[in-house]
Amino acid sequence: MTYEKQELVSYIANSQKQHQNKNTFFSQRNHALTTSALVTIFGLRGRIYTLYAAMSGAECRTQCWWKRHIAEQLKQRDRVQRQAFEEIIHQYNRLLEKSDLQAVLSERLQPDKSDLQNRHDLSPGVDAGRSDALLQEMAQIRIRHQEELTELHKKRGELAQNVIELNNQMQQKDKEIQSNEAKMLQYQQRISELEAECRELRSSLQDLERANQTLKDEYDALQITFGALEEKLRRTTEDNQELVSRWMAEKAQEANRLNAENEKDTRRRQAKLQKDLAEAAKEPLPLDPDDDIEVLPEDAPEGAGTADTSPSRTPGRTPSKRNSQPPASGLLDSISSIFGLSESVMPGLHPPDCRRRSTNSFGGVSDGTETQPGACAEVRVPSTALHTFDAHDGEVNAVSFSPGSRLLATGGMDRRVKLWEVVSGRCEHKGALTGSNAGITSIEFDSAGSYLLAASNDFASRIWTVDDFRLRHTLTGHSGKVLAARFLLDNARIVSGSYDRTLKLWDLRSKVCMKTVFAGSSCNDIVCTEQCVMSGHFDKKVRFWDIRAECIVRELELLGRVTSLDLNHDRTELLACSRDDLLKIIDLRSNSVRQSFSAQGFKCGSDWTRVTFSPDGCYVAAGSADGTLFVWSVLTGKLERALEKHHSSAINAVSWSPSGAHVVSVEKGSKAVLWSDM
């Protein structure tokens, strides 16, 4: 029993010693870990405060809002991370308390150990009951110490894990700080660059403002000059009109004076002649049977043979004086030529050599009359499609024959004018005229067939030479697409009509716009005489313009938008097509609609559908929206032909060759059809 007690006492002593050593080791280890964590924490906080101080200094230097924002973010992060370390410090304080408690327990057990050892030495015969109680107490103490040891191991692992996590966070924060510092440097460099750019832009802005002010001053000066020139032009125009009016009045007075003098002279001569005859009749003259009586011819000169005239000769055999003055109508002709109106167009004037159309169907002239130059001897009413071909890559808007009927020109939305040679009932491609920047709307040859004029949607008109396909003139000045352009009869001037509601007169010698007239409505087509222009407009009116006076002579309103105009060969009748699906012939001498044409199925397909007279003026041809070609007789007013099945879309334009042998029609698709009666 004594041996067992000694062994128990030695075991307790060893356990206490080991426990004390472990407590000392763990206390030192926890103290070291805690110290390391605290050093790390306070080092991180020191870096943070150092960075904050640096940023605060930079903020004082630069006073940028983004630096204040970064400082606030760092303060917030410091508060969040300090909360995590407060738990570690609390656990560390608990460990210190437990370590102090273990030390106190060890001090308390040390006297007990001494007492037990003394008791064992002094009285080895203590009863077994107290030993059992002591063993139980020692077992409980051992179990409690083991639990505390297990808990300490657990706390040590948690602290080690926290230290590792904090080290990782510190490394990440160090990287973030380095990255932010690099970004700050980049931002500062960028700010410096932007400030330099701002200074350059301010300098450029000042230069531009000075230049703008200079240009504005120049513009104001030009406006003042333009206003003065415009006023001068207006006064000059008014003076010109006044001079023309005075000149016309003086011409009329001179004509009246010449006519009055002519009449007075005629009456004076007649009175003198009657007086001479009366005196000659009163004088008695002896007659000698041997004398021969000479009979004066009617065209004998005045006073010839008066000495030998018999008193019994009747007055009717005496020659009368003939008037050598020109007729009064010649003066009226000269006045009418001022306005460029032909004799056949002026109302009430019918010259003796006026050519009238005969009643035969081929437009021949009656006996004793002269054939109009350029008019064909025979017009063929088309009945057969000789050739169908693709004229352009897209819509075909315009078509026209040359004056010799050998060449055919077509214009389309592909910005080209193509020339075709009519040979043996076929159209062979000869060449293309380029240079337009938009679709072609109208084409026309000059009277000699050497030049071709085309209007286009790019606000311009162009002239090419037919022989070498070269672009000669480009006439720009309209503010809208040009829908029609025509040569005047002198081929030295052209007239163009545009969507911008103006008409312009161009001089091809100087290549400038001579006059601009505001029409009030979009101009769809134009025809010209020498000094008179007739235009068809979107507002359903046909206007007649005097080029020299720059004013409307008269106007005629139809029932629909005017799409096309055409003159017959003697320029006495005007053919007009309108969107009310009617073709009308206007008599230019009476300024009234003489005849209208319509047919079942005929419908005008667009605002620029072109129609045409036959060369002799006996027929009119027009294309319909369903692709049918209609031909009417002017003499009967009835429909002659309705040609179908060759166009797949609306017909845009029709042209009749000057020889009368062929008709060509073009459509919105891409096709053109050559027609004849063969």
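In the predicted model, T612 faces A621, a residue of strand β23. The strand that pairs with β23 here is β22, and the two run antiparallel, joined by two bridges. Strand β23 itself covers residues 619-623. This pair belongs to an open sheet of four strands, arranged in the order β22-β23-β24-β25 with antiparallel pairing. The edges of the sheet are formed by β22, at residues 612-613, and by β25, at residues 639-643, each of which pairs on one side only.

The region of this sheet can be set against the record. In an unreviewed UniProt entry, the annotation "repeat: WD" is given for residues 389-430, 433-474, 475-516, 611-642 and 644-678. Within the model, the span 611-642 is 50% strand and 0% helix, and its end C-alpha atoms lie 15 Å apart. For the span 644-678 the corresponding values are 49% strand and 0% helix, with 16 Å between the end C-alpha atoms.

One of the annotated spans, 389-430, can be examined through L408, which is part of strand β3, residues 407-412. L408 has a relative accessibility of 0% and therefore counts as buried. Its C-alpha atom is separated by 8.0 Å from that of C427, a residue 19 positions away along the chain.

Internal space was examined next. Rolling a probe the size of a water molecule over the atoms shows where empty space is left. Across the whole structure, five cavities of 30 Å³ or more were found, and the largest of them has a volume of about 120 Å³. Its lining consists of V495, L503, K504, L505, K515, V517, V533, W545, D546, I547 and E550. Three strands, β12 (502-507), β13 (512-518) and β16 (541-546), each supply at least two residues of this lining. The largest share, three residues, is contributed by β12. By class, the lining of the largest cavity comprises seven nonpolar and four charged residues, with no polar ones.

Charged side chains also pair with one another, and the count of salt bridges comes to 25. One of these joins D207 and R210, with a distance of 2.0 Å from N to O. Both residues lie in helix α3, which covers residues 128-282, and they are three residues apart, about one turn of the helix. D207 counts as partly exposed because its relative accessibility is 37%. In addition, E231, R234, R235 and E238 are linked in a network of salt bridges.

A further salt bridge is formed by the side chains of R543 and D539, at 2.7 Å from N to O. The two partners differ in accessibility class: R543 is buried, at 5% relative accessibility, whereas D539 is partly exposed, with a relative accessible area of 26%. The side chains of D607 and R561 also meet in a salt bridge, at 3.2 Å from N to O. D607 is placed in the loop between β21 (592-597) and β22, and R561 in the loop between β17 (551-557) and β18 (562-567), so this pair ties together parts that are 46 residues apart in sequence. D607 falls under the 20% limit for buried residues, with a relative accessibility of 17%. R561, at 27%, counts as partly exposed.

Backbone geometry was considered last. Most residues other than glycine have a negative phi. K540, although not a glycine, has a positive phi of about 75 degrees. K540 is located in the loop between β15 (532-537) and β16, and at 34% relative accessibility it counts as partly exposed. K645 likewise is not a glycine and has a positive phi, of about 70 degrees. The position of K645 is in the loop between β25 and β26 (651-656). With a relative accessible area of 79%, K645 is exposed.

Note on methods: Residues numbered from 1 in each chain as written. Predicted model: local features only at pLDDT ≥ 70, side-chain atom pairs only at ≥ 80, totals over all residues. Heavy atoms only, no water. Pairing = 2+ DSSP bridges. UniProt positions renumbered as here; feature names shortened; annotations may be inferred. 1 Å grid on protein atoms, 1.4 Å probe; cavity = no way out; pocket = protein on both sides within 12 Å on 5 of 7 lines; lining within 4 Å. Points joined across faces, edges and corners; volume = space filled by probe spheres on them. Nonpolar A, V, L, I, M, F, W, Y, C, P; charged D, E, K, R; others polar. Salt bridge = Lys/Arg side-chain N within 4 Å of Asp/Glu carboxyl O. Buried < 20%, exposed > 50% of the residue type's maximum accessible area, 1.4 Å probe, protein only.
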